[in-house]
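Student: Please take one part of this model and go through it closely. I would like the cut-offs stated as the terms come up.

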Amino acid sequence: MNKMLFILVFGFLSGCGNSGAPLCSGGDVQDLVKDISEEETVFQIFKEIFLKRRGNSQFVYLNIANTTVKNWKSLIDSGGIIGGFKKDESDKMLQLILGFIDSAEMQVSNANMKITSIRTSKKNDELKKSECDANLPFSNGNTLPITYTAQMSDDDVLYVEVLGL
């Protein structure tokens with residue numbers, strides 16, 4: 001996995017009604033950090049698999065880099081066609097891509113990701129924002145240090161940004 005810097009934003013309605021900053025170790029925050037981390041790791045593994053098996057041309061890389069796993073799944077589910085391909089060629093390519101996605105998801109599932117060593121580095125109750133550091137250990141013994149922020153919007157939606165994936 002590349003140690004490139006990624007910023008992902010994800011949010012959902014939070015029923016806690018908390019007037020201050022969310023806790024770095026809070027359940028909703030940890031769930032989002034884990035979901036974001038898993039989704040980004042699946043995407044990175046998917047790109048690696050795809051590029052190893054289908055070539056490393058700049059055109060292919062740019063198309064893969066700009067198409068999330070979620071978008072590939074939507075295209076597959078809708079029976080869509082990859083631009084520039086005939087229907088039967090597109091169907092074969094999409095099935096190949098689905099296999100790559102399944103492989104990436106299996107690898108992430110087997111990695112048993114968990115968030116450990118959670119630390120609050122900064123907390124601002126007025127802005128309802130916490131800045132956090134943690135480790136993301138994998139079952140292979142590797143550990144990735146991550147940084148994330150958790151913030152409540154004015155309408156009580158929790159937003160989490162994860163960096164370091």
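Tutor: pLDDT is the predictor's confidence in each residue, from 0 to 100. The model is predicted; local features need pLDDT of at least 70 and side-chain atom pairs 80 or more, while totals for chains, interfaces and linings use all residues. Residues are numbered from 1 along each chain as its sequence is written, and side-chain values use heavy atoms, without hydrogens and water.

The protein chain has an average pLDDT of 80, and 78% of its residues score at least 70. Helices (H or I, at least four residues) and strands (E, at least two) are DSSP runs, numbered from the N terminus. Among these elements, the highest mean pLDDT, 96, belongs to strand E2 (residues 116–124), and the lowest, 40, to strand E1 (residues 8–13). The pLDDT is below 50 over residues 1–17, a stretch that has 52 contacts (heavy atoms within 4.5 Å) in the model beyond near neighbours in sequence.

The part I take is the set of strands E3, E4 and E5, with what is attached to it. Strands count as paired if DSSP finds at least two bridges between them. Strand E3 (residues 129–137) pairs with strand E4 (residues 143–152) over nine bridges, in the antiparallel sense. On the other pairing, E4 and strand E5 (residues 157–163) run antiparallel and are joined by six bridges. E4 therefore pairs with both E3 and E5, given that a pair takes at least two bridges.

Two bridge positions help to fix the register. Cys132 stands opposite Tyr148 in E4, and Thr147 has Leu163 in E5 as its bridge partner.

The turns come next. Five residues lie between the strands of the E3 and E4 hairpin, where Gly141 has a positive phi near 100 degrees. Four residues lie between the strands in the hairpin of E4 and E5, and there Asp156 takes a positive phi near 60 degrees. Asp156 is a residue other than glycine. Its relative accessible area is 26%, so Asp156 is partly exposed; under 20% counts as buried and over 50% as exposed, with partly exposed in between (1.4 Å probe, protein chains only). Lys128, in the loop between E2 and E3, is also not a glycine and has a positive phi of about 55 degrees. With 17% relative accessibility, Lys128 counts as buried. As background, most residues other than glycine have a negative phi.

Within E4, Thr149 is worth following. Its relative accessible area is 13%, so Thr149 is buried. Leaving aside neighbours within four places in sequence, the contacts of Thr149 are Lys129, Ser130, Glu131, Tyr159, Val160 and Glu161. Of these residues, Lys129, Ser130 and Glu131 fall in the range of E3, and Tyr159, Val160 and Glu161 in that of E5.

E3 also carries one end of a covalent link. A disulfide is a pair of cysteine sulfur atoms within 2.5 Å, and by this rule the count is one. The partners are Cys24 and Cys132, with their sulfur atoms 1.9 Å apart. The angle about the S-S bond is -80 degrees, and the link is left-handed. The pair connects distant parts of the chain: Cys24 is in the loop between E1 and H1, Cys132 is in strand E3, and 108 residues separate them. Both ends are buried: Cys24 has a relative accessible area of 3%, and Cys132 has a relative accessibility of 0%.

The three strands also take part in the largest nonpolar core, which has 38 residues. Such a core is a set of buried Ala, Val, Leu, Ile, Met, Phe, Trp, Tyr and Cys residues joined through side-chain atoms within 4.5 Å. Those with the most contacts inside it are Val33, Phe46, Leu136, Ile146, Tyr148, Val160 and Val162. Two or more residues come from each of helix H1 (27–54), H3, H4, E3, E4 and E5. H1 gives the most, with eleven residues.

Helix H3 (residues 69–78), one of those contributors, has Val69, Trp72 and Ile76 as its buried residues. Seen down the axis, these buried residues fall within an arc of 60 degrees (taken from the directions from the helix axis to the C-beta atoms), so they line one face of H3. Lys70, Asp77 and Ser78 are exposed on the other side of H3.
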